[in-house]
Protein chains: 2
Amino acid sequence: MSLNCKYEKVLEVLLGKWKTAILYQLYSKGTMRFGELQRAIPDITKKMLTQQLRELEYHDILLREVYHQIPPKVEYSISAYGQGLLPVLLEMNDWGMAHIQHLNELYGEEGSVKAFVSRIDEIAGK
Amino acid sequence: MSLNCKYEKVLEVLLGKWKTAILYQLYSKGTMRFGELQRAIPDITKKMLTQQLRELEYHDILLREVYHQIPPKVEYSISAYGQGLLPVLLEMNDWGMAHIQHLNELYGEEGSVKAFVSRIDEIAGK
DNA sequence: AAACGTAGTATATAAAAAGATACCATAAGG
DNA sequence: CCTTATGGTATCTTTTTATATACTACGTTT
């Protein structure tokens, strides 16, 4: 078996409450400005958006282009390297959708978070 | 594009500091007892181990078999359904290994966490 | 009768992540 | 000369996660 724990690296790259939403926007829409991203992702703060963008940029998933003008303009997009992550995300996506279905079958519609918590309590015998 | 944010579900399943290690053990070794898992994963506490096992059990990734004897014996293994997660993990694994390599090329060997932090600071202009 | 082994639970604490809010620089437009 | 727009940063508080440590149940062994 060639599973050697390195898939954790993917988790590291995707880790953070907002990465999913950011990547979804950028993979779908191509290029977006900072403010555009912020408007597209309700409730995210500038701080969080900046932080998560920097982390993705560090991992070379994102490209950041600064236009030196005032008011400032900064554009974000998926890098060429970052495109290579897409197939992985798509496979995760497929499994994820099937899993939501599976959880419904196991625990019913109301499911997801609510059922999750109470099921945990139940398993724990509370 | 069929990326619709559901890959987040995989993250949810894999979320938690110790899930990676637990799954690694169980996918590799098949069936393990509670204490065996604890010994195989240095530094994990019983509390964390129990919690993470329960979460994986909730998601039907794991099977928990209780032998009613004293001292107690409880065996954990990957469920049939959980086997379906393996291809996803393997693909994540492949990308992860390549990514570690990519980060080395970008930032050098000492890299990973240390370089990560300082690079973030650098990008942030500190 | 006390100690051991197993698979936990309970409770309190510390550390990490996220959120709220205020602030900054600068040019253009009124 | 005051306001607006943009893309942030700084600081503090709250929430979420993880850790440390002690405790339990019970049959078997010493």
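How many helices and how many strands are there in chain A? Select chain A and colour by secondary structure: there are seven helices and three strands, where helices (H or I, at least four residues) and strands (E, at least two) are DSSP runs numbered from the N terminus. Followed from the N terminus, the elements of chain A run α-α-β-α-α-β-β-α-α-α.

Before going further, keep in mind that this is a predicted model, in which local features need pLDDT of at least 70 and side-chain atom pairs count only at pLDDT 80 or more, while totals for chains, interfaces and linings use all residues. Residues are numbered from 1 along each chain as its sequence is written, chains are lettered from A and ligands numbered from 1 in the order in which they are written, and side-chain values use heavy atoms, with hydrogens and water left out.

**Inside chain A**

Of the 126 residues in chain A, 43% are buried; buried means under 20% relative accessible area, exposed over 50%, and partly exposed in between (1.4 Å probe, protein chains only). Now select Gln25(A), which is found in helix α2 (residues 19-29) of chain A and is buried, with a relative accessible area of 10%. Leaving aside residues up to four places away in sequence, Gln25(A) touches Gly30(A), Met32(A), Leu37(A), Ala40(A) and Ile41(A), contact being heavy atoms within 4.5 Å.

Move next to Lys9(A) and Glu12(A), whose side chains meet in a salt bridge (3.3 Å, N to O); the term stands for a side-chain nitrogen of Lys or Arg within 4 Å of a carboxyl oxygen of Asp or Glu. Because Lys9(A) and Glu12(A) are three residues apart in helix α1 (residues 8-14) of chain A, they are separated by about one helical turn. Lys9(A) counts as buried, at 10% relative accessibility, whereas Glu12(A) is partly exposed, with a relative accessible area of 35%.

**Salt bridges in chain B**

Over all chains, the whole structure holds seven salt bridges. One to display in chain B joins Glu55(B) and Lys19(B), with the closest N and O atoms 2.7 Å apart. This pair links distant parts of the chain, since Glu55(B) is in helix α4 of chain B and Lys19(B) is in helix α2 of chain B, 36 residues apart. Both Glu55(B) and Lys19(B) are buried. Select Glu75(B) and Lys73(B) as well, whose side chains meet in a salt bridge (3.9 Å, N to O); Glu75(B) is buried, with a relative accessible area of 16%.

**Where chain B meets chain A**

Show both protein chains together, and the contact takes 55 residues from chain B and 55 residues from chain A. The area buried between chain B and chain A is about 5400 Å², of which carbon and sulfur atoms give 71%; buried area is the accessible area (1.4 Å probe) that two parts lose on being put together, summed over both. Highlight Tyr7(B), Tyr58(B) and Trp95(B), which supply 16% of the area that chain B buries against chain A, more than any other three residues. Between chain B and chain A the count of salt bridges is zero.

**DNA strand C**

Which residues come nearest to DNA strand C? Of the 22 residues around this strand, they are Lys17(A), Trp18(A), Lys47(A), Arg64(B) and Pro72(B), a residue being near a molecule or strand if one of its heavy atoms lies within 4 Å of it. Zoom in on Lys17(A), where a polar side-chain atom lies 2.4 Å from a phosphate oxygen of DNA strand C. On chain B, a polar backbone atom of Val74(B) is 3.2 Å from a phosphate oxygen of DNA strand C, and an N or O atom in the side chain of Lys47(B) is 3.5 Å from a base nitrogen of DNA strand C. The largest share of the surface near DNA strand C, four residues, comes from α4(B).

**DNA strand D**

Finish at DNA strand D, where Lys46(A), Arg64(A), Pro72(A), Lys17(B) and Lys47(B) come nearest of the 20 residues around the strand. Sugar and phosphate account for 70% of the atoms of DNA strand D that come within 4 Å of the protein. In the side chain of Arg33(A), an N or O atom is 2.9 Å from a phosphate oxygen of DNA strand D, and a polar side-chain atom of Tyr76(A) also lies 2.9 Å from a phosphate oxygen of DNA strand D. The surface near DNA strand D takes the most from α4(A), with four residues.

Methods. A polar contact is a pair of N or O atoms within 3.5 Å; within protein, one must be able to donate a hydrogen and the other to accept it, and residues adjacent in sequence count only if both atoms are side-chain atoms.
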